[in-house]
Amino acid sequence: MSAVLSVAGIERRVGDTEILRGISLDVQKGEVVGLIGPSGSGKSSLLRAIAGLDPINAGTILVEGKPPKPGDGAIGMVFQQFNLWPHLTARENVTLALRLVRKQSKAEANEAAQAMLERVGLGKYADRRPGALSGGQQQRVAIARTLAMQPRLILFDEPTASLDPELTTEVLEVIRALARDGMTMLVVSHEMGFIASVATRTLFLDHGKVLVDGPAKTVFRDAPDPRLRRFLATYLERVAWTLPGEEG
Ligand SMILES: Nc1ncnc2c1ncn2[C@@H]1O[C@H](COP(=O)(O)OP(=O)(O)O)[C@@H](O)[C@H]1O
Ligand SMILES: [Mg+2]
């Protein structure tokens, strides 16, 4: 089996609330899966379940053929809040887990941190603390920290939701570069133009279910579901986008 991620019929309830109502999804190596849907549709819950952070009531989740285990390094997660340590430099934020969890030597961890900070365009900022970095730069440090652990699957949960538009762009470009490098990713975002152009496949979630799962043309042009069309209409007024093959 070559799927990096295999999700079959998962359900999650908290009390009387059904949060995930039978979600299935296979992700192959190198795929970039976009997750869109209204607030409260279950996007974050799905990512948390995949990461093994929340229990599920039914179904199965396999990551590289095994149940997900938080901390085993197979999955990396990037959140809306960057969750950097304010008293540590960018370099120290990246090396922390390498030193404590991976037991790397200081020299080894510093070298890996420098390489990852350069990969996100922050090689010159390694000695800065988060307070001396913009929000976009902080999120890029958080991405470098995730990359340093060499995950085989990265889950992004609205990575630009707390950023101004110009800072959003620099973070999206880093994610786009990861996609070009063949990283397997699930990306929750309200940046429809970005998802349409970067995702190999997009899922539309509503009330804990996947209503549409397809390539950009199916999801963003054909939109074969009234709820998806209504959802997209709220963005169409504000955002213009082009799809692969439709440029110019
Ligand atoms: N721990 C929880 N306890 C109760 N309800 C929850 C919990 N986590 C999420 N929910 C509910 O599940 C639904 C989906 O939430 P969430 O996954 O955060 O949606 P999204 O990320 O798409 O906005 C929402 O109605 C939310 O209120
Ligand atoms: Mg969410």
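Aspartate 157 is found in strand β6, which spans residues 153–157. The model examined here is a predicted one, and this residue offers a convenient point of entry. Aspartate 157 is buried, yet the residue has no salt bridge. The nearest side chain of opposite charge belongs to lysine 43, at 6.9 Å. A salt bridge requires a side-chain nitrogen of Lys or Arg within 4 Å of a carboxyl oxygen of Asp or Glu, so a separation of 6.9 Å does not qualify. What the aspartate 157 side chain does have is a polar contact with the side chain of serine 44, at 2.6 Å. Leaving aside neighbours within four places in sequence, aspartate 157 is in contact with Ser44, Leu47, Val78, Phe79, Gln80 and Val188.

Lysine 43 and serine 44 lead to the ligand. Ligand 1 is surrounded by Arg12, Val14, Ile19 and Pro38, together with the run Ser39, Gly40, Ser41, Gly42, Lys43, Ser44 and Ser45. Three of these residues may be described in atomic detail. Glycine 42 contributes a backbone N or O atom that lies 3.0 Å from an oxygen atom of ligand 1. Lysine 43 places a polar side-chain atom 2.8 Å from an oxygen atom of the ligand, and serine 45 has a polar side-chain atom 2.5 Å from an oxygen atom of ligand 1.

Helix α1 comprises residues 43–50 and is mostly covered, with six of its eight residues buried. The buried members are Lys43, Ser45, Leu46, Leu47, Ala49 and Ile50. Lysine 43 and serine 45 thus appear both among the buried residues of α1 and among the residues surrounding ligand 1. After the helix comes glycine 52, whose phi is positive, near 80 degrees.

Methionine 77, in strand β5, also touches residues of this region. The methionine 77 side of the contact list comprises Leu47, Arg48, Ala51, Leu53, Thr146 and Leu155, not counting residues up to four places away in sequence. With a relative accessible area of 15%, methionine 77 is buried, because the cut-off for that class is under 20%. Methionine 77 and proline 159 are 82 residues apart in sequence, while their C-alpha atoms are 9.9 Å apart in space.

The nonpolar interior may be considered next. In soluble globular proteins, nonpolar side chains tend to be buried together. Here the largest nonpolar core has 53 residues, and those with the most contacts inside it are Ile36, Ile143, Phe156, Ile175, Met185, Phe220 and Leu228. Helix α5, residues 165–180, gives the most to this core, with seven residues. Isoleucine 143 illustrates the packing: beyond residues up to four places away in sequence, isoleucine 143 touches Val78, Val120, Phe156, Val171, Val174, Ile175 and Leu178. A second, separate core of 25 residues includes Val4, Ala49, Ile50 and Leu186. Ala49 and Ile50 are also among the buried residues of α1.

Charged pairs form another layer of the description. Side chains of opposite charge can pair when their charged atoms come close. The structure holds twelve salt bridges. In one of them, the side chains of arginine 152 and glutamate 64 meet at 2.9 Å, N to O. Arginine 152 lies in the loop between α4 (135–148) and β6, and glutamate 64 in the loop between β4 (58–63) and β5 (75–78), so the pair ties together parts that are 88 residues apart in sequence. Arginine 152 counts as partly exposed at 37% relative accessibility, and glutamate 64 is likewise partly exposed, at 34%.

Aspartate 127 forms a salt bridge with arginine 91, the closest N and O atoms being 2.5 Å apart. This pair links distant parts of the chain, since aspartate 127 belongs to the loop between α3 (106–119) and α4 and arginine 91 to helix α2 (residues 90–100), 36 residues apart. Aspartate 127 is exposed, with a relative accessible area of 56%.

A salt bridge within a single helix joins glutamate 173 and arginine 176, at 3.4 Å, N to O. Because they are three residues apart in helix α5, glutamate 173 and arginine 176 are separated by about one helical turn. Glutamate 173 is partly exposed at 37% relative accessibility, and arginine 176 is partly exposed at 22%. Finally, salt bridges that share partners join Arg12, Arg48 and Asp54 into one network. Within that network, Arg12 is also one of the residues surrounding ligand 1, and Arg48 is one of the residues that methionine 77 touches.

Methods. Residues numbered from 1 in each chain as written. Chains lettered and ligands numbered in written order. Predicted model: local features only at pLDDT ≥ 70, side-chain atom pairs only at ≥ 80, totals over all residues. Heavy atoms only, no water. Core = buried A, V, L, I, M, F, W, Y, C linked by side-chain atoms within 4.5 Å. Buried < 20%, exposed > 50% of the residue type's maximum accessible area, 1.4 Å probe, protein only. Helix = DSSP H or I, 4+ residues; strand = E, 2+ residues; numbered from the N terminus. Contact = heavy atoms within 4.5 Å. Lys, Arg positive; Asp, Glu negative; His and termini not counted. Polar contact = N/O pair within 3.5 Å; in protein donor to acceptor, adjacent residues only side chain to side chain. Near = heavy atom within 4 Å.
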